[in-house]
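Good morning, colleagues. I would ask you to bring up the sequence and the structure, and I shall then speak about a pocket and about one side chain.

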Amino acid sequence: MSDCLFCKMAHGEIKPDVVYEDDTVLGFRDINPQAPVHVLLIPKRHISTLNDLEAEDGALIGKLYLAAKRVAAQEGVAEGGYRTLFNCNGDGGQEVFH
């Protein structure tokens, strides 16, 4: 998607403050953090909303959660606790449809 902000980040056209990256997941600091540690983890592949996931995307969701675990440890919040969430569509708080 040529006009998708997160696709541009995933493809290196825009340089976010990256804290995690592998072949399928990109993690970066939110530009408007709502917590002391606020990291967005996105699939590198364009998936507009959670509603667009397919059964075969189960492994990708697992990779996102494993990346969250790794980032939490790296950022020093794993032991104290952290929150993960998905926002889906406008009423669910989704702002970037990637």
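Let me begin with helix 2, which contributes 7 residues to the lining of the largest pocket, the most of any element. Please bear in mind throughout that this is a predicted model.

The largest pocket itself holds about 1400 Å³ of space. Two or more lining residues come from each of helix 1 (5-10), strand 2 (25-29), strand 3 (39-43) and helix 2 (58-74). In total, 43 residues line the largest pocket, and those nearest its centre are H38, V39, L40, L41 and L85.

What is the make-up of this lining by class? There are 28 nonpolar residues, alongside 11 polar and 4 charged ones.

I turn now to a single residue, Q94, which is found in the segment after helix 2. Is Q94 buried or exposed? Its relative accessibility is 11%, and because the cut-off for burial is under 20%, Q94 counts as buried.

Which backbone atoms does the side chain of Q94 meet? There are two to report. The backbone nitrogen of N89 is reached by the Q94 side chain at 2.7 Å. In addition, a polar atom of that side chain lies 3.1 Å from the backbone oxygen of V96.

Finally, the wider surroundings of Q94. With neighbours within four places in sequence set aside, Q94 is in contact with S48, T49, N87, C88 and N89. N89 thus appears in this list and also supplies the backbone nitrogen at 2.7 Å from the Q94 side chain.

Thank you for your attention.

Conventions. Residues are numbered from 1 along each chain as its sequence is written. This is a predicted model: local features need pLDDT of at least 70, side-chain atom pairs count only at pLDDT 80 or more; totals for chains, interfaces and linings use all residues. Side-chain values use heavy atoms; hydrogens and water are left out. On a 1 Å grid over the protein atoms alone, a cavity is a set of points where a 1.4 Å probe fits but cannot get out, and a pocket is an open set with protein on both sides within 12 Å along at least five of seven lines; lining residues have an atom within 4 Å of a point. Grid points are joined across faces, edges and corners, and a volume is the space filled by probe spheres set on the points. Helices (H or I, at least four residues) and strands (E, at least two) are DSSP runs, numbered from the N terminus. Ala, Val, Leu, Ile, Met, Phe, Trp, Tyr, Cys and Pro count as nonpolar, Asp, Glu, Lys and Arg as charged, and the others, Gly among them, as polar. Buried means under 20% relative accessible area, exposed over 50%, partly exposed in between (1.4 Å probe, protein chains only). A polar contact is a pair of N or O atoms within 3.5 Å; within protein, one must be able to donate a hydrogen and the other to accept it, and residues adjacent in sequence count only if both atoms are side-chain atoms. Contact means heavy atoms within 4.5 Å.
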